[in-house]
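Me: Please take a close look at the pockets of this protein. Tell me what lines them, and then cover the salt bridges too.

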Amino acid sequence: MTRDDLFNTNASIVRDLADAIAKACPEALIGIISNPVNSTVPIASEVLKKRGVYDEHRVFGVTTLDVVRANAFVAEKKGLDPQQVNIPLIGGHAGVTILPVISQATPSVQFGADELDKLTKRIQDAGTEVVNAKAGAGSATLSMAYAGARFVFSLLKGLNGEKNVIECAYIKSDVTDASYFATPLLLGKKGWEKNFGLGKLSDYEKQLLEKALPELKASIKKGEDFVNSTYKMK
């Protein structure tokens, strides 16, 4: 199933769920994991705006699966415990829009240029790797469930007042030319409280960002246009 197929299936579902949330629980924290996340988050946001209840601090695109994969792949390469590795993931949640910031890894790791490029592409294409491994019989399931649960648990920790709860997520943003963008966020009682932005990027990561932005902006526009052409308030 292509991203266009996913859009055609999920766009109206996310639109209608966002409308129901706007009417029934407008102050909910909304974690959107339905692909294509680069478009479905703008879809939900536009619906909430039309209902007059939009709060950008409460709407998240869940990109945790990219973080989990990056942590696992880097740990595998370096013989580390993936639970102790943290790779910030910025950008979006599809292909070249997924930007692992390995230069900011904790603990610090080093790769040669060729190995870094192969590792980055593997992180970006990991969803396809799973589909191929299943011979077309499905896509990521358990890893997606784990990532979704991790993000929700982090939201709950923030709601409960725990300090220094940080997760990457795709949100309304002004850190780049794209109006939605994933970055590390400090979570709290009202959603995200602080956007940590891009941090210092390597030259290689700057090139990845430049390549990602056009595709990301096109996906955002596609989602917004869908709502403007199909949404009817009832």
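**Pocket linings and salt bridges**

Reply: By class, twelve polar, ten nonpolar and five charged residues make up the lining of the largest pocket. Keep in mind that this is a predicted model. The volume of this largest pocket is about 680 Å³. A total of 27 residues line the largest pocket, and R3, L6, N35, G127 and V131 are the closest to its centre.

Several helices contribute to that lining. At least two residues each come from α1 (3-24), α3 (64-78), α4 (113-124) and α5 (126-133). Helix α5 supplies the largest share, five residues.

Now the second largest pocket. Its space comes to about 310 Å³. Here 17 residues form the lining, and those closest to the centre are N86, R150, I166, E167 and C168. Sorted by class, the lining of the second largest pocket has nine nonpolar, six polar and two charged residues. Both α6 (142-159) and β5 (165-172) supply at least two residues of this lining. Strand β5 gives the most, with four residues.

Two of the residues closest to the centre of the second largest pocket, R150 and E167, also pair with each other. They form a salt bridge, with the closest N and O atoms 3.1 Å apart. This pair links distant parts of the chain: E167 sits in strand β5 and R150 in helix α6, 17 residues apart. Are the two partners buried or exposed? E167 has a relative accessibility of 6%, so E167 counts as buried. The cut-off for buried is under 20%. R150 is at 23% relative accessibility and therefore counts as partly exposed.

That pair belongs to a longer list. The structure holds eleven salt bridges. Side chains of opposite charge can pair when their charged atoms come close.

Take K222 and D4 next. Their salt bridge has its closest N and O atoms 2.8 Å apart. K222 lies in helix α7 (residues 203-230) and D4 in helix α1, so this salt bridge ties together parts that are 218 residues apart in sequence. Helix α1 is also one of the elements that supply at least two residues of the lining of the largest pocket. K222 has a relative accessible area of 33%, which makes K222 partly exposed. D4 counts as partly exposed as well, at 45% relative accessibility.

Helix α4 is another of the elements that supply at least two residues of the largest pocket's lining. A salt bridge joins the side chains of K121 and D117, at 2.9 Å from N to O. Why are these two about one helical turn apart? Because K121 and D117 are four residues apart in helix α4, about one helical turn separates them. K121 is partly exposed, with a relative accessible area of 41%. D117 is partly exposed too, at 25% relative accessibility.

One group goes beyond a single pair. D19, K23 and R51 are linked in a network of salt bridges.

To put the parts together: α5 gives five residues to the lining of the largest pocket, while β5 gives four to that of the second largest. E167 of strand β5 and R150 of helix α6 are joined by a salt bridge, and both are among the residues closest to the centre of the second largest pocket.

Terms used
Residues are numbered from 1 along each chain as its sequence is written. This is a predicted model: local features need pLDDT of at least 70, side-chain atom pairs count only at pLDDT 80 or more; totals for chains, interfaces and linings use all residues. Side-chain values use heavy atoms; hydrogens and water are left out. On a 1 Å grid over the protein atoms alone, a cavity is a set of points where a 1.4 Å probe fits but cannot get out, and a pocket is an open set with protein on both sides within 12 Å along at least five of seven lines; lining residues have an atom within 4 Å of a point. Grid points are joined across faces, edges and corners, and a volume is the space filled by probe spheres set on the points. Ala, Val, Leu, Ile, Met, Phe, Trp, Tyr, Cys and Pro count as nonpolar, Asp, Glu, Lys and Arg as charged, and the others, Gly among them, as polar. A salt bridge is a side-chain nitrogen of Lys or Arg within 4 Å of a carboxyl oxygen of Asp or Glu. Buried means under 20% relative accessible area, exposed over 50%, partly exposed in between (1.4 Å probe, protein chains only).
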